[in-house]
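Student: I should like to work through this model by question and answer. Please show the structure, and let us reason from it.

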Amino acid sequence: SDSQGAYIFAAFGFLFGLTFIIALLRFLGQKSRVFRYINDMLVGRPEPARVTFVPHWFMMTAIIVTVIVILAAILLPLLLR
């Protein structure tokens, strides 16, 4: 029973420690060639970001549908009393 708590504690420690180590490698990779090589081996080389835009018609439709659904959820119970 007590050992399960230790395993959970170790798992959370590893989870948060791993993210700290990766962040540290990325930071040190900017300063040193050795750490940049280690970071590239673990993560891979970053590809240039391809910028994509959401079409204007889709965003406007999504906003209008959302407003209609919210208004219906507010007004229908009031009108059906």
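## Confidence, fold and aromatic pairs

Tutor: In this predicted model, helix H2 has the lowest mean pLDDT among the elements of the protein chain, at 80, whereas helix H3 (residues 56-79) has the highest, at 95.

Student: What pLDDT does the protein chain average?

Tutor: The predictor's confidence runs from 0 to 100. Of the residues, 99% score at least 70. The average for the protein chain is a pLDDT of 86.

Student: In what order do the elements of the protein chain run from the N terminus on?

Tutor: The protein chain has three helices and zero strands. Read from the N terminus, the order is therefore written with helix symbols alone. That order is α-α-α.

Student: What radius of gyration does the protein chain have, where a compact globule of 81 residues would have one near 12 Å?

Tutor: The C-alpha atoms fill a box of roughly 65 × 50 × 15 Å along the principal axes. The globule value near 12 Å is not the value of this chain. The protein chain has a radius of gyration of 25 Å.

Student: What percentage of the 81 residues is buried?

Tutor: A residue counts as buried under 20% relative accessible area. The protein chain exposes about 7,900 Å², of which carbon and sulfur atoms supply 73%. Buried residues make up 5% of the 81.

Student: At the start of helix H2 (residues 33-43), which backbone nitrogen does a side-chain oxygen of Ser 32 reach?

Tutor: The oxygen of Ser 32 comes to within 3.3 Å of this nitrogen. Just after H2, Gly 44 takes a positive phi of about 100°. The nitrogen reached by Ser 32 belongs to Val 34.

Student: A search of the whole structure finds two aromatic pairs; is the pair of Phe 12 and Phe 16 stacked or edge-to-face?

Tutor: Both residues lie in helix H1 (residues 2-29), four residues apart, about one turn of the helix. Their rings are 6.4 Å apart centre to centre, with 15° between the planes. Because planes under 30 degrees apart count as stacked, the pair of Phe 12 and Phe 16 is stacked.

Student: Is Phe 16 buried or exposed?

Tutor: The relative accessibility of Phe 16 is 55%. Since exposed means over 50%, Phe 16 counts as exposed.

Student: Is the pair of Trp 57 and Phe 58 stacked or edge-to-face?

Tutor: Trp 57 is exposed, at 60% relative accessible area, and Phe 58 is partly exposed, at 43%. Their ring centres are 6.0 Å apart, with 90° between the planes. Because planes over 60 degrees apart count as edge-to-face, the pair of Trp 57 and Phe 58 is edge-to-face.

Technical notes:
Residues are numbered from 1 along each chain as its sequence is written. Side-chain values use heavy atoms; hydrogens and water are left out. Rings of Phe, Tyr and Trp (its six-membered ring) pair if their centres lie within 6.5 Å; planes under 30 degrees apart count as stacked, over 60 as edge-to-face and the rest as tilted. Helices (H or I, at least four residues) and strands (E, at least two) are DSSP runs, numbered from the N terminus. Buried means under 20% relative accessible area, exposed over 50%, partly exposed in between (1.4 Å probe, protein chains only). A polar contact is a pair of N or O atoms within 3.5 Å; within protein, one must be able to donate a hydrogen and the other to accept it, and residues adjacent in sequence count only if both atoms are side-chain atoms. The radius of gyration is taken over C-alpha atoms; the globule rule is 2.2 Å times the number of residues to the power 0.38. Accessible areas come from the Shrake-Rupley method with a 1.4 Å probe; for residues, only the protein chains shown count as cover.
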